[in-house]
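I am opening a notebook on a structure that is new to me. The entries below follow the order in which I looked things up.

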Amino acid sequence: MRSLRIFAIGGWLSYRALFGWLNPYLFVIILLVPSVTQILFFAYLGRAAGVEDDTFYVVGNAVVAAAVPGLFGMADTITDERYTHTLSLLVVSPASRVALFLGRAAPVAVNGAIVAGFAFVVGSLLLDVSVPASSFPGLAVTILVTAFACTGLGLVNASLGLRWRESALLSNMLLYFLLLAAGVNVPLDLLPGWLSTIAQGLPVTHGVEAARELVAGASLADVAPLLGAELLVGTIYATVGLFFVRVFEFQGRRGASLELA
Amino acid sequence: MAMGWAIHFKQESRNPFFLWILICTPLIYATIAYFLFRGGTDEQTLAGAAIGSALMGIWSLTTTASAAALAHRRRVGLLELLVAAPVPFWAVLAPITIAISAVGIYSIATSLLYTRLLFGVALPIENWPAFVAAVPASILAIGMLGFLLGAAFVRFRAAWAVGNLFEFPVWTICGLLIPIAVLPAWIEPVSWVFAPTWGMNAMRDAALGESTAWDDIAVCLGLTVAYCVAGAVLLRFFLRSALRRGTLALT
């Protein structure tokens, strides 16, 4: 029961704290507006390059929009604790780490899905991309699964924040790598073989592919293997992230370096 | 102002997050451009993309760091002291934003080296005097645009977040990686008020010799003066507002 309370209430409070004690307009200017301006940038870049059509960039950038809350939100759950000098208190608390961090991850994943959904709708409307209504349920599932996978990577990112102060830098690095290598803006067949192989282990890659197939008319059953792969990738990252949280927490306690990392 | 510029240049040069923006933004976007444009277009497009991605890094840093500089001073309680000091606040703020954009020289060096070494795309600089003049003129103009934004940021506590808002829109409308001809026609006049548009034109024209770069350099300098005047007026307005309400530390 205690773990459930930590998961639900602790996670919700942590999520609220991400926005500077919840100024709703920050949510709009940090997450919603940039997700749309990013779509427009890449759609016009795609037109200039003549590689793919607008649909490719709307779908790709809308789905990857789920990664921004996943990566930055999870990293901030550690760095904000350090900034407010509560990280040591958190680490000495008897709370279950799994409940604690999964509780923080759940609203972040839902948040990512909401941002991605918003970007998808607004991007499609602005660029006149036609999406069949029959694909909406499948797209909703795809976005949720991708948001989960991105939050799994975010957990790894958060764990590294226990050892490395520059977690914002790492979040940016991961996000940029997803933009380049996950098939979001550059078709995988244009990438070198080694990079497209690495892409198979990234969150977003399979989710984007599934979303593109759904928009092209595939059914949810058709893209189930892709969603399964995305789910597997996310689960692996989340497990590795929780493991590293324990390892780095132990190292931080032993070296008294939690506030200094 | 010169001393302030020098101190801030050194300080910002040691910030790992800023260096990341300056180095990795051109790396990633030049790579994306390389993969997207390699099919069917000439080396000039890729050379232009190298310059554009360098300016993208400078712009990203200017918007993010100008906003962060004020937020940091507010957080540590320095903002009120700086405003109350006998030195006019514009003379404090302008060197910060110009130093931030000047650190962008790393972005230019990274982008040109990266595209040369990894992709084998050399930047054939046709007019060295114009290129040497275009780089500082562009940096100065972008820095003063950062000053103009910074003046507005004084009023808003969430300035650090507002800075991010300008990243993709300016990258898009200033033709840094995307030819302006691809964009809707109404965007072109809008792009004229942004320094990166003219900086990009100046550096590209000087490097590729497509046309004279001196007129673009002149526009950069003209915009520098315009941003300076507009920023000083805006700053005066917002500072008065903040002082009257007693919200400088709280806004």
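**Entry 1. The contact between the chains.** Before counting, I need the rule: two residues are in contact if their C-beta atoms, placed from the backbone, lie within 7 Å. I also note that this is a predicted model. How many residues does the contact take from each chain? I find 24 residues from chain B and 28 residues from chain A. On the side of chain B that touches chain A, H2 (16–37), H8 (159–165) and H9 (167–173) of chain B each supply at least two residues. H2(B) gives the largest share, 10 residues. I then sorted that side of chain B by class and got 21 nonpolar residues, 3 polar ones and no charged ones.

**Entry 2. Chain A as a whole.** I looked up the confidence before going further. Chain A has a mean pLDDT of 88, and 97% of its residues reach 70 or more. Among its elements, H1(A), residues 2–17, has the lowest mean pLDDT at 76, while H10(A), residues 205–215, has the highest at 96.

I count 11 helices and 0 strands in chain A. For overall dimensions, I took the principal axes, along which the C-alpha atoms of chain A fill a box of roughly 55 × 40 × 35 Å. Is the radius of gyration what a compact globule would have, or not what it would have? A compact globule of 261 residues would be near 18 Å, and chain A has 18 Å, so the two agree. Of the 261 residues of chain A, 51% count as buried. Among contacts in chain A with a separation of 6 or more, 81% are between residues 24 or more positions apart.

**Entry 3. The nonpolar core.** I asked which residues have the most contacts inside the largest nonpolar core. That core has 169 residues, and the ones with the most contacts inside it are Val63(A), Ala66(A), Ala116(A) and Leu178(A). I followed up on Ala116(A). Leaving out residues up to four places away in sequence, Ala116(A) touches Ala62(A), Val63(A), Ala65(A), Ala66(A), Ile143(A) and Ala147(A).

**Entry 4. Val64(A).** I found Val64(A) in helix H3 of chain A. Is Val64(A) buried or exposed? A residue needs 20 or more other C-beta atoms within 10 Å to be buried, and Val64(A) has 30 such neighbours, so it counts as buried. Outside its neighbours within four places in sequence, Val64(A) is in contact with Leu178(A), Leu179(A), Ala182(A), Val184(A) and Val204(A). I also checked the pair Val64(A) and Ala113(A), which are 49 residues apart along the chain; their C-alpha atoms are separated by 9.9 Å.

**Entry 5. Helix H8 of chain A.** Leu178(A) and Leu179(A), both among the contacts of Val64(A), are buried residues of H8(A). This helix covers residues 167–181, and its 15 residues reach 21 Å from first C-alpha to last, close to the 21 Å expected. What do the buried residues of H8(A) pack against? They pack against H3 (54–64), H4, H7 (136–160) and H9 (193–199) of chain A, together with H2 of chain B. After H8(A) comes Gly183(A), with a positive phi near 75°.

**Entry 6. Helix H1 of chain A.** I went back to the helix with the lowest mean pLDDT in chain A. H1(A) has 16 residues and reaches 21 Å, close to the 22 Å expected. Its buried residues are Ile6(A), Phe7(A), Gly11(A), Ser14(A) and Tyr15(A). They pack against H4 (67–83) and H6 (97–126) of chain A.

**Entry 7. Helix H5 of chain B.** I turned to chain B and looked up H5(B), residues 89–102. Its 14 residues reach 20 Å, close to the 20 Å expected. H5(B) is mostly covered, with 11 of its 14 residues buried; among them are Trp90(B), Pro95(B) and Thr97(B). The buried residues of H5(B) pack against H1 (2–13), H3 (43–75), H6 (105–117), H7 (128–153) and H12 (214–245) of chain B.

**Entry 8. Glu126(B).** Last, I looked at a loop residue. Glu126(B) is found between H6 and H7 of chain B. I count 14 other C-beta atoms within 10 Å of Glu126(B), so it is partly exposed. Apart from residues up to four places away in sequence, Glu126(B) touches Ala207(B), Leu208(B) and Gly209(B). Glu126(B) and Leu208(B) are 82 residues apart along the chain, and their C-alpha atoms are separated by 5.8 Å.

Terms used
Residues are numbered from 1 along each chain as its sequence is written. Chains are lettered from A and ligands numbered from 1 in the order in which they are written. This is a predicted model: local features need pLDDT of at least 70, side-chain atom pairs count only at pLDDT 80 or more; totals for chains, interfaces and linings use all residues. A nonpolar core is a set of buried Ala, Val, Leu, Ile, Met, Phe, Trp, Tyr and Cys residues joined through C-beta atoms within 7 Å. A residue is buried if 20 or more other C-beta atoms lie within 10 Å of its own, exposed if 12 or fewer, and partly exposed in between; C-beta atoms are placed from the backbone. Helices (H or I, at least four residues) and strands (E, at least two) are DSSP runs, numbered from the N terminus. Ala, Val, Leu, Ile, Met, Phe, Trp, Tyr, Cys and Pro count as nonpolar, Asp, Glu, Lys and Arg as charged, and the others, Gly among them, as polar. The expected span of a helix is 1.5 Å times one less than its number of residues. pLDDT is the predictor's confidence in each residue, from 0 to 100. The radius of gyration is taken over C-alpha atoms; the globule rule is 2.2 Å times the number of residues to the power 0.38.
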